Amino acid sequence: PEQVIGSNVPSIRSVVNGTTLATSLTGLNPFTQYSCYVTANTSVGEGSPSLTVSARTDEGVPSGAPSYVNAITIATTSVNVSWNQIPNIARNGIIVAHEVKYSWPLESGQLGTNYMNTSGATNQLVLNWLQECVQYKISVRAYTSQGPGPFSGEVL
């Protein structure tokens, strides 16, 4: 398919031979509404367009991470974690959950890691039962029905 830019709306044109009754459009964005119609072309010119049919592409995983992750201590063993939602363009579907990852140093030199999940478009979570005087690294990622997107940068 070739990209055709008209007025302010990008469109895709797929040209097929006269005996072809179907075509596949590739390179479309996930979870995006598209409208399609068919015209016939002959040596005389282009015919009238068919009725327009609309369809939405399937969801994908988020291509962006939550931003402005913030962790505020609310008690000696509890932290309130909040974040901004992923911009619509990077959601690639309906956000159904978020996962908060938190890590801490162990005596062995390794990292301990745990995960907490939220449901829906919630943009905060309280982590309880943390160890006192331990510095945690915290990051967040979003999920659509197709799976997780990338984690945000870590905050301490």
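In strand 10, the residue that serves as bridge partner of K101 is Y115, and this pairing is a convenient point of entry into the predicted model. The two strands concerned, strand 9 (residues 97-105) and strand 10, run in the antiparallel sense and are joined over 9 bridges. They belong to an open sheet of 4 strands, whose order is 10-9-12-13 and whose pairing is antiparallel. At the edges of this sheet lie strand 10 (111-119) and strand 13 (147-148), each of which pairs on one side only.

From strand 9 the reader can move to strand 12 by way of a charged pair. The structure holds 1 salt bridge, and the side chains that meet in it are those of E99 and R141, at 2.6 Å from N to O. Because E99 lies in strand 9 and R141 in strand 12 (residues 137-144), the pair ties together parts that are 42 residues apart in sequence. Both partners are buried, E99 as well as R141, and with a cut-off for burial of under 20% relative accessible area, the salt bridge joins two residues that each fall below that limit.

The surroundings of R141, whose place is in strand 12, can be followed further. Its side chain makes a polar contact of 2.6 Å with the side chain of E99, and the side chain of R141 also makes a polar contact with the side chain of Y143, here at 3.4 Å. When residues up to four places away in sequence are not counted, R141 touches P66, A97, H98, E99, P148, G149, P150 and F151. Among these, A97, H98 and E99 fall within the residue range of strand 9, whereas P148 falls within that of strand 13.

A second region is built around strand 8 (residues 78-84), in which S78 has its place, and strand 11 (residues 124-127), in which V126 has its place. Strands 8 and 11 run antiparallel and are joined by 4 bridges, and one of the paired positions is N80, whose bridge partner in strand 11 is V126. Along strand 11 the side chains alternate, in that L125 and L127 point to one face and are buried, while Q124 and V126 point to the other face and are not.

V126 itself is partly exposed, with a relative accessible area of 32%. A nonpolar surface patch requires residues with over 30% relative accessible area, so V126, at 32%, passes that limit. The patch to which V126 contributes has an area of about 240 Å² and is made by V126 together with I72 and I74.

S78, by contrast with the partly exposed V126, counts as buried, because its relative accessibility is 9%, under the cut-off of 20%. The side chain of S78 is joined to the side chain of N128 by a polar contact of 2.7 Å. Leaving aside its neighbours within four places in sequence, S78 is in contact with I72, T73, V126, L127, N128 and L130, and two of these residues, I72 and V126, also help to make the nonpolar patch.

Strand 7 (residues 67-75) is where Y68 is found. At 68% relative accessibility, Y68 counts as exposed, since the cut-off for that class is over 50%. Y68 touches S82, W83 and N84 when residues up to four places away in sequence are not counted, and these three residues lie within the range of strand 8. The C-alpha atom of Y68 is separated by 9.3 Å from that of V155, although the two residues are 87 residues apart along the chain.

The loop between strand 11 and strand 12 deserves a separate look for its backbone. Most residues other than glycine have a negative phi. W129, which is found in this loop, has instead a positive phi, with a value near 60°. C133 is found in the loop between strand 11 and strand 12 as well, and its phi is likewise positive and near 60°. As for accessibility, W129 counts as exposed at 79%, and C133 is exposed with a relative accessible area of 83%.

Technical notes
Residues are numbered from 1 along each chain as its sequence is written. This is a predicted model: local features need pLDDT of at least 70, side-chain atom pairs count only at pLDDT 80 or more; totals for chains, interfaces and linings use all residues. Side-chain values use heavy atoms; hydrogens and water are left out. Patches are made of residues with over 30% relative accessible area and no salt bridge: like charges are joined within 9 Å, nonpolar side chains (Val, Leu, Ile, Met, Phe, Trp, Tyr) within 5 Å. Accessible areas come from the Shrake-Rupley method with a 1.4 Å probe; for residues, only the protein chains shown count as cover. A salt bridge is a side-chain nitrogen of Lys or Arg within 4 Å of a carboxyl oxygen of Asp or Glu. Buried means under 20% relative accessible area, exposed over 50%, partly exposed in between (1.4 Å probe, protein chains only). Two strands pair if DSSP finds at least two bridges between them. A polar contact is a pair of N or O atoms within 3.5 Å; within protein, one must be able to donate a hydrogen and the other to accept it, and residues adjacent in sequence count only if both atoms are side-chain atoms. Contact means heavy atoms within 4.5 Å.
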